[in-house]
Amino acid sequence: MTPRSFLSFSAVTALTLIAAIFVVASRPAPTVIPRDRDLVFAGLDEKINEVQALEVTTPARSFTIERKGDGWESRNSTAMRRVSTS
């Protein structure tokens, strides 16, 4: 390897390292949710096996989560997601 190619690869490596540090440093901080807060659906934890669907409505939007087989499906206007509980 010639000294010029070594310096070129070193420069590319340094730029890649700086870019990686920038990307990691600019990630948003994780959201910490306190464990001692009130439940969103009070009493749901005791009746979860009896519930077939949850409808959530806010001023901005509305969506439904339905039980399907061994999991839950979230339906909204743009996507459908399946979450397995097994």
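Start by selecting Lys68, which is found in strand 2. This is a predicted model, and the selections below follow the chain outward from that residue. Lys68 has a relative accessible area of 32%, so the residue counts as partly exposed.

Show the side chain of Lys68 and add Glu66. The two side chains meet in a salt bridge, with 3.8 Å from N to O. The structure holds one salt bridge. Side chains of opposite charge can pair when their charged atoms come close. Glu66 is partly exposed, because its relative accessibility is 23% and the buried class is kept for values under 20%.

Keep Lys68 selected and add Ala53. Their C-alpha atoms are separated by 9.4 Å, while the two positions lie 15 residues apart in chain numbering terms, that is, they are 15 residues apart along the chain.

Now select strand 2 as a whole, residues 62–68, together with strand 1, residues 53–57. The two run antiparallel and are joined by five bridges. To find one end of this pairing, pick Thr57: its bridge partner in strand 2 is Ser62. Between strand 1 and strand 2, follow the backbone through four residues, which complete a hairpin.

Next, move to the other pairing of strand 2 and select strand 3, residues 71–75. Here too the run is antiparallel, with five bridges between strand 2 and strand 3. Lys68 comes back into view, since its selection also shows a bridge: the partner in strand 3 is Gly71. Step to Arg67, and the bridge partner in strand 3 is Trp72. The hairpin between strand 2 and strand 3 has two residues between the strands. Select Gly69 in that turn; its phi is positive, at about 65°.

Stay on strand 3 and colour by accessibility. Is this strand enclosed or open? Four of its five residues are buried, so strand 3 is largely enclosed by the rest of the structure. For the chain as a whole, 10% of the 86 residues count as buried.

Go next to helix 1, residues 3–25. Helix 1 has 23 residues and reaches 33 Å from its first C-alpha to its last, close to the 33 Å expected at 1.5 Å a residue. How many of its residues are buried? The number is zero, so helix 1 lies largely in the open.

Within helix 1, select Phe6. Then add Met1, Leu7 and Phe9, which together with Phe6 form a nonpolar patch on the surface. The accessible area of these four residues together is about 520 Å².

Zoom out to the full chain. There are two helices and four strands, and from the N terminus on the order is α-α-β-β-β-β.

Finally, colour the chain by pLDDT. The mean is 83, and 87% of the residues reach 70 or more. Where is confidence highest and where is it lowest? Helix 1 has the highest mean, at 96, and strand 4, residues 80–84, has the lowest, at 52. Where pLDDT is low, the predicted coordinates should not be read in detail.

Technical notes
Residues numbered from 1 in each chain as written. Predicted model: local features only at pLDDT ≥ 70, side-chain atom pairs only at ≥ 80, totals over all residues. Heavy atoms only, no water. pLDDT = per-residue confidence, 0-100. Pairing = 2+ DSSP bridges. Expected span 1.5 Å × (residues − 1). Buried < 20%, exposed > 50% of the residue type's maximum accessible area, 1.4 Å probe, protein only. Patch = residues over 30% accessible without salt bridge, like charges linked within 9 Å, V, L, I, M, F, W, Y side chains within 5 Å. Areas by Shrake-Rupley, 256 points an atom, 1.4 Å probe, with all protein chains shown as cover.
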